[in-house]
Amino acid sequence: MGTTDPSMMSAKPWLAPNAQAGSYALGMLGLEERKLLYHLTRNIYTGEGAVVELGAFCGASTCCLAAGLRDNPRAAGHRVDSYDSFIANEPYLIDFVRKQFGEALELGQSFAAIFRRATAQFADLIEVHAGDLLEYTWPSAAPIEILFVDVAKTLALSGKVLTDFFTHLTPRQSIVIHQDFYHPTAFYLPVVMDFLSDHFTIIEAGRDWSVVFRLETAIPEKKLEIANLYKFSFRQ
């Protein structure tokens, strides 16, 4: 299996003036985040593992990832595995949908139809997994090459990402994008990633809210379990 070339990332080509975003679908992503996601699937992705999106919302990140696959000759036959409950369970989600899409969404209602419309041009490049992530497992032994995480809104969901998706990452190849890394309510993400820092390098310290990591060495199962439980010793 091939490895990700660090030199292709260190120059941060997604910041170039002519860098493309691939898609400008409505969503909460910043322009630099969009350019970053498109670059990862367009230029870094080798096609040797899966592209997984945990937390699709209305499809902005989905479209950027899918556009990169569309334009990457090595990605033929691959799709974005996109996970979301597609349920408006927070007032800010409702407000965004009402303002940006003009939809009269109510608390507890599904916005799956909005996602489908927003991502229609990339429908053949997206495998949708609708439902509670806590009830899902990664459905195959296939490695995950690019993992976009925008679902770790609680400690339970963060733990699920660690135990069910981090275990399929490949050293020296897999890329993890934590979209909520700097969000104050996701205080546990920096703690967990610092605990796992011996196994990762940071290849992008901040594009809007996102931080990007590359897995360098395999993470022991015991260490992932400690991070999952969020029960650290005083020294840790």
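Biologist: Which residue is the bridge partner of leucine 147 in β5?

Modeller: This is a predicted model. Leucine 147 belongs to β4, residues 144-149. Its bridge partner sits in β5, which covers residues 175-178. That partner is valine 176.

Biologist: How many bridges join β4 to β5, and do the strands run parallel or antiparallel?

Modeller: Strands of a sheet pair through backbone hydrogen bonds, either parallel or antiparallel. For β4 and β5, the bridges number four. The direction of the two strands is parallel.

Biologist: In what order do the strands form the sheet?

Modeller: The sheet is open and has seven strands. Its pairing is mixed. From one strand to the next, the twist averages 15°. The order is β3-β2-β1-β4-β5-β7-β6.

Biologist: Which strands stand at the edges?

Modeller: An edge strand here has a single partner strand, so one side of it is left without a neighbour in the sheet. Two strands fit that description: β3 (126-130) and β6 (200-207).

Biologist: What angle does the direction of α3 make with that of β1?

Modeller: α3 packs on the sheet. It touches β1 (50-54), β2, β3 and β4. Its direction and that of β1 make an angle of about 170°.

Biologist: How much space lies in the largest pocket?

Modeller: The lining of this pocket counts 34 residues. Closest to the pocket centre are Tyr92, Leu93, Asp150, Lys153 and Asp180. The space in the pocket is about 870 Å³.

Biologist: Where does α3 come in again, and which other elements each supply at least two residues of the pocket lining?

Modeller: α3 (60-71) packs on the sheet and also supplies at least two residues of the largest pocket's lining. β2 (80-84) and α4 (91-101) each do so too.

Biologist: How many charged residues are in the lining of the largest pocket?

Modeller: Sort the lining by class. Nonpolar residues number 18 and polar residues ten. The charged residues number six.

Biologist: How many cavities of 30 Å³ or more does a search of the whole structure find, and how much space lies in the largest?

Modeller: The search, with its cut-off of 30 Å³, finds one cavity. The space in the largest cavity is about 40 Å³.

Biologist: Which helix gives the largest share of the cavity lining?

Modeller: The lining includes Val149, Phe166 and His178. By class, it has seven nonpolar, two polar and no charged residues. α6 (155-164) and α7 (188-195) each supply at least two residues. The largest share, three residues, comes from α6.

Key:
Residues numbered from 1 in each chain as written. Predicted model: local features only at pLDDT ≥ 70, side-chain atom pairs only at ≥ 80, totals over all residues. Heavy atoms only, no water. 1 Å grid on protein atoms, 1.4 Å probe; cavity = no way out; pocket = protein on both sides within 12 Å on 5 of 7 lines; lining within 4 Å. Points joined across faces, edges and corners; volume = space filled by probe spheres on them. Nonpolar A, V, L, I, M, F, W, Y, C, P; charged D, E, K, R; others polar. Pairing = 2+ DSSP bridges. Axes fitted to C-alpha atoms, helices over the stretch in contact; angles between N-to-C directions. Contact = heavy atoms within 4.5 Å.
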